[in-house]
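User: I'm new to reading protein models, and I'd like a close look at one part of this one. Could you walk me through the open sheet and what sits around it?

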Amino acid sequence: MSFSSEVKEELTHLSGHEMHCCVAELAAIIYFSGKICCSSEGERSIQLHTENAAVARRFYTLLKHIFHFQPEVTTSQHDFLKKNRIYMIQIEDSRETLQILKTVGLVNNLGQMEDDYFIDNPVLQKTCCRRAFLRGAFLSVGSITDPERNYHFEFACLSDGRAQQLKELISYFGLEAKIVLRKKYHVVYLKEGAMISDILNIMEAHVSMMKFENVRIVKDVRNSVNRRVNCEAANINKTVSAARKQIEDIEYIRNTIGLEKLPDNLREAACARLEEPDATLKELGEMLDPPVGKSGINHRLRKLSQMAQDIRENGRI
């Protein structure tokens with residue numbers, strides 16, 4: 001089971017919510033993935049098609065819990081794959097359909113469909129109901145990438161208007177979602193791990209949130225270790241390159257004018273470097289008599305490199 005399916009499975013088993021929160025969750029499922037049919041005689045019906053058994057079960061359970069209706073449930077197989085089941089749940093009675101639509105705020109008192117669902121809708125006046133609505137939206141059109149691979153959370157909406165409304169609802173909880181057009185879908189998405197963790201918490205997917213956070217911690221530690229190792233490797237390479245250049249300069253001085261013509265302090269530093277080509281500056285300084293610090297030995301080696309450069313250019317120091 002994918003991580004996205006695990007989250008949905010957890011959400012469908014939540015219980016103990018107030019009736020107004022159940023209404024808000026049902027409203028989101030109908031709004032984002034339900035189909036409202038209207039016959040030529042004005043008769044209305046509601047249909048939900050889904051391949052996710054957990055979503056179908058949740059839709060069915062909410063309808064029975066809120067309205068005590070008995071929805072009709074049918075299953076079929078995908079035309080191409082022949083293995084994925086498609087669940088269809090529908091309410092065919094027009095009066096029951098109208099009652100559902102009025103309760104969830106999708107039609108007004110005149111029976112007209114509401115285009116801008118979020119504007120002053122009584123279903124979403126409470127914070128707990130907005131949480132429930134996000135939960136229903138995720139069950140309908142949401143998905144989340146396995147955090148082991150990447151951090152990505154999204155809602156795939158069929159219209160820009162619905163995407164904008166959903167983005168506005170998410171911003172109510174202090175999260176900054178973005179929208180991108182992908183084929184025929186307007187995708188509302190979050191990419192930051194902290195925001196994804198927050199929205200899982202908002203939807204009350206607490207077990208999934210803990211799994212997500214555990215993966216984040218392990219990845220952060222792993223990345224921190226990798227950065228430190230890379231930094232240390234770069235420092236080692238830099239030290240080795242510097243030591244190689246110092247040895248080349250010292251050998252050039254020895255082969256041209258000879259080390260015996262150098263001042264005592266520089267000759268001592270040159271010999272120490274030739275004897276210990278892999279030693280650090282601190283180790284070289286401790287080899288001298290009397291010992292000197294890193295800055296002292298670094299100054300002497302820089303002086304030797306400058307001498308070698310002068311000999312190359314002028315033939316003398």
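Analyst: Sure, let's start with how the sheet is laid out. It is an open sheet of 4 strands, and going across it you meet them in the order E5-E6-E8-E7, with antiparallel pairing. At the edges stand strand E5 (142–144) and strand E7 (178–182), and each has a single partner strand, so one side of each is left without a neighbour in the sheet. The sheet isn't perfectly flat-looking on paper terms either: ignoring direction, neighbouring strands are turned by 25° against each other on average.

Keep in mind that this is a predicted model. How sure is the predictor? Over the protein chain the mean pLDDT is 87, and 93% of the residues reach 70 or more. Confidence is highest in E8, at 96, and lowest in strand E3 (residues 72–77), at a mean of 83.

Now for E8, which covers residues 185–190 and is joined to E7 by 5 bridges, the two running antiparallel. If you want to find that pairing on screen, look for Ile 179, whose bridge partner in E8 is Val 188. You can also look for Arg 182, which stands opposite Tyr 185 in E8. E7 and E8 form a hairpin, with 2 residues between them. One residue to click on in that turn is Lys 183, which has a positive phi of about 55°.

E8 also pairs with E6, again in the antiparallel sense and over 5 bridges. Here a handy pair to spot is Cys 157 and its bridge partner in E8, His 186. While you're tracing these strands, here's a rule of thumb: in a regular strand, side chains alternate between the two faces of the sheet.

What lies across the sheet? That's helix H7 (residues 193–202), which lies across E5, strand E6 (153–157) and E8. Against E6, helix H7 runs at about 70°.

Finally, let's look at the nonpolar residues. The largest nonpolar core has 66 residues, and Phe 153, Phe 155, Leu 166 and Leu 200 are those with the most contacts inside it. Helix H2 (residues 19–33) gives the most to this core, with 11 residues. Apart from that core lies another one, of 18 residues, including Ile 253, Ile 257, Ile 297 and Leu 304.

Technical notes
Residues numbered from 1 in each chain as written. Predicted model: local features only at pLDDT ≥ 70, side-chain atom pairs only at ≥ 80, totals over all residues. Heavy atoms only, no water. Core = buried A, V, L, I, M, F, W, Y, C linked by side-chain atoms within 4.5 Å. Buried < 20%, exposed > 50% of the residue type's maximum accessible area, 1.4 Å probe, protein only. Pairing = 2+ DSSP bridges. Axes fitted to C-alpha atoms, helices over the stretch in contact; angles between N-to-C directions. Contact = heavy atoms within 4.5 Å. pLDDT = per-residue confidence, 0-100.
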